[in-house]
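Trainee: Please take one part of this model and go through it closely. I would like to follow how its pieces fit together.

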Amino acid sequence: MNAPLAPNSLRNLPDENGHFGQFGGRYVAETLMPLILDLEREYKAAKADPAFKAEFEDLLEHYVGRPSPLYFAPRLTEHWGGAQIWFKREELNHTGAHKINNCIGQILLAIRMGKTKIIAETGAGQHGVATATVCARFGLSCTIFMGATDVARQQPNVFRMKLLGAEVVPVTSGAATLKDAMNEALRHWVANVHDTFYIIGTAAGPHPYPELVRDFQSVIGREARAQMLARTGRLPDMLIAPVGGGSNAIGLFHPFLDDADVAMVGIEAGGHGVDTNAHAASLTGGKPGILHGNKTYLLQDEDGQITEAHSISAGLDYPGIGPEHSWLHEIGRVKYLPVNDDEAVEAFQLCCSLEGIIPALESAHALAALPKLAPQMDKDKIIIVNLSGRGDKDIFTIADKLGVEL
Amino acid sequence: MSARLSAAFAKGRPALVTFVTGGDPTPDATPAILDALVAGGADVIELGMPFTDPMADGPAIQAANLRALAAGTKTATIFAIAKAFRARHPDVPLVLMGYANPMIARGPEWFAAQCQDAGVDGIICVDIPSEEDSEIGPALRAAGVDFIRLATPTTDTARLPAVLNGSSGFLYYVSVAGVTGKQQAAVDSIKDAMDRIKSATDIPVVVGFGVRTPDQAAAFAAHADGVVVGSALVDLVATHGADAAEPVRALTAALADAVHGAKATA
């Protein structure tokens, strides 16, 4: 899907063993190793197969509704009084977020591999809905693992998944959020490797998942780059995207990595503040370790026990991050900043009132970085914010936060 | 290979390998439970290092991990338990089993040195396959600590040499594709797997996952160099808490009788 890259390109990782510098890799139980190697072979073959690419692109256009618009946000730009603010409108995709791009790619791979059952983990429920959607579209059985805490705070998405024919399994271990859902999905997968494909929702997990999820999501950045060139004749000066696992962010960033003049900022969930124990900012407040199949920055104690993440946004409530982000952080190509719950809620409301767009709480984290970045930039500078999802699913959380009874 | 592990597999009969989670239900209760395993006749002791996210474990051992952590079990606690065990039982092989992150948190060299100091004979790490050996393998080998790998029903003949390369002490054959303590493999599948693996290596091969009763243990032991029992013992700890030592000893004794006599009656 990509043109050949220069040897010094930042876009030619992972290496053949799935490493991005010291990060990434394949830290899985032996039972899964042969399947992971199969998946890697199959993905290589699919990438080289024009029919696979054609089917992927056809579905993105006619089923997902791509390309998503690149929109200039005039009132938010005026409000912050600095750089022009543009939105990449991933929230207009079918199912309401960027997640569907990846699910289309992975289900085509599952079908190529002859797998008949699909499993996935979900936090906010966006990936669960997207997975249930593609399973319905292709007639495969679908089981979604979701932390019981998230089941309670994301009821509309739980019902959506059920309408789409998925079985939703509430996971009660740990804090019963995204991390625990992923543990349970891995346990189920290890016992059902022969017929089951695991559609991982973010650019994390064992190789080749971080690579293939990134590749499927890179349609975001490729479109944004072409759209910006067509509209303004130039590249943007800065990209901003929210980062939980980081699939929307790597999808936007990756096609621009070799454009040295394009700055990139990933926004982590600062929860109640990175100086408290209640946040999900693994780069800002964590250190490298091994979890869920990859080496990456993790929230952990001195013994390597994983600590619970917190974010008002269920989609960011995870103690790790995709390994390519850990690498981009260490080489300094991308800056990562935390934004706390209250800042995100404020930015959510501002976007509603100034642009008539209800953003997902995940995306509101990216919007909340604007007051720290946009006013310091000249008015001829351009920022693209990845509006990764729509906020309909979050209205109950926001109402609760604002003390409004629905 | 550690001399203690060599001796454990050179008794002319299959070995009983027993697993309990360190610090479950409390760090203070673990030494008596380990002593009960030895008193019952276990040949190799696996001491589980608790982890917050035990992805390869079923409900019984998941709960044991969380009980141990809730009781304040730290990495230092595990090594203190191991060191005291070594002082009480100079000849019984002791193996630590767990997940990668707690093992590498202070660097693999630190971990290997702690193992050496505490008299730990080997390490089983669930989520470091042979592809990622460099994460901890060189440090363990330099410290003379066996790195015990796992093979599974999905490890085919082509892949087996890679799994065996760098593996020492013994090989742990996971009898079912799944998590600990759940379903049980058919004896025929064990026999086929053992034939395949034994033709590729000289190191002892033990079978585990889903073995709960003396009868099951004996059936597997007839085809292997040893059998691992974990969840059934961990269940006793869950039920009896700080008073678990005697029931653990009794089950271990029954398992040991069955396993040790398996080849003679097969």
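Mentor: Here is a walk through the two domains of chain A, their sheet and helices, and then the neighbouring chain.

This is a predicted model: local features need pLDDT of at least 70, side-chain atom pairs count only at pLDDT 80 or more, and totals for chains, interfaces and linings use all residues. Residues are numbered from 1 along each chain as its sequence is written, while chains are lettered from A and ligands numbered from 1 in the order in which they are written.

Start with the domains. Chain A is assigned domain 1 (20-61 + 98-213) and domain 2 (67-96 + 218-401). Such bounds come from an automatic or database domain assignment. The C-alpha centres of the two domains of chain A are 22 Å apart. Each domain of chain A puts 39 residues into their contact. Two residues are in contact if their C-beta atoms, placed from the backbone, lie within 7 Å.

Look at the domain 1 side of that contact. β2 (23-27) of chain A gives the most, five residues. Helices and strands here are DSSP runs, numbered from the N terminus: helices are H or I with at least four residues, strands are E with at least two. Other elements of chain A that supply at least two residues include α4 (99-112), α5 (126-138) and α8 (178-191). By class, this side of domain 1 of chain A has 18 nonpolar, 16 polar and five charged residues. Ala, Val, Leu, Ile, Met, Phe, Trp, Tyr, Cys and Pro count as nonpolar, Asp, Glu, Lys and Arg as charged, and the others, Gly among them, as polar.

Now follow β2(A) into its sheet. Four strands of chain A form an open antiparallel sheet in the order β1-β2-β12-β11. Strands pair if DSSP finds at least two bridges between them. β1 (19-20) and β11 (287-291) of chain A are the edge strands, each pairing on one side only. β2(A) and β12 (residues 293-298) of chain A are antiparallel and share two bridges. Opposite A:Tyr27, in β12(A), stands A:Gly293.

A helix crosses this sheet. α13 (residues 323-331) of chain A lies across β1, β2, β11 and β12 of chain A, at about 45° to β12(A). Axes are lines fitted to C-alpha atoms, for helices over the stretch in contact, and angles run from 0 to 180 degrees between N-to-C directions. Seven of the nine residues of α13(A) are buried, so this helix is largely enclosed by the rest of the structure. Among them are A:Pro323, A:Trp327 and A:Leu328. A residue is buried if 20 or more other C-beta atoms lie within 10 Å of its own, exposed if 12 or fewer, and partly exposed in between, with C-beta atoms placed from the backbone. After α13(A) comes A:Gly332, with a positive phi near 80°.

Next, β13 (residues 335-340) of chain A. Five of its six residues are buried, so β13(A) too is largely enclosed by the rest of the structure. It runs parallel to β10 (residues 263-271) of chain A, joined by six bridges. One pair of bridge partners is A:Ile267 and A:Leu337.

Then comes α14 (residues 341-355) of chain A, which holds A:Ala347. A:Ala347 has 23 C-beta neighbours inside 10 Å, so it counts as buried. Leaving out residues up to four places away in sequence, A:Ala347 touches A:Ala364, A:Leu367 and A:Ala368. The C-alpha atoms of A:Ala347 and A:Leu370 are 8.8 Å apart, though 23 residues separate the two along the chain.

Step back to the core. The largest nonpolar core has 227 residues, and A:Ile383, B:Val206 and B:Val227 have the most contacts inside it. It takes at least three residues from each of the two domains of chain A. A nonpolar core is a set of buried Ala, Val, Leu, Ile, Met, Phe, Trp, Tyr and Cys residues joined through C-beta atoms within 7 Å. Beyond four places in sequence, the contacts of A:Ile383 include A:Ile85, A:Trp86, A:Met238 and A:Leu373.

Last, the neighbouring chain. The contact between the chains takes 32 residues from chain B and 28 residues from chain A. On the chain B side, α5(B) has the largest share, four residues. By class, that side has 17 nonpolar, eight polar and seven charged residues.
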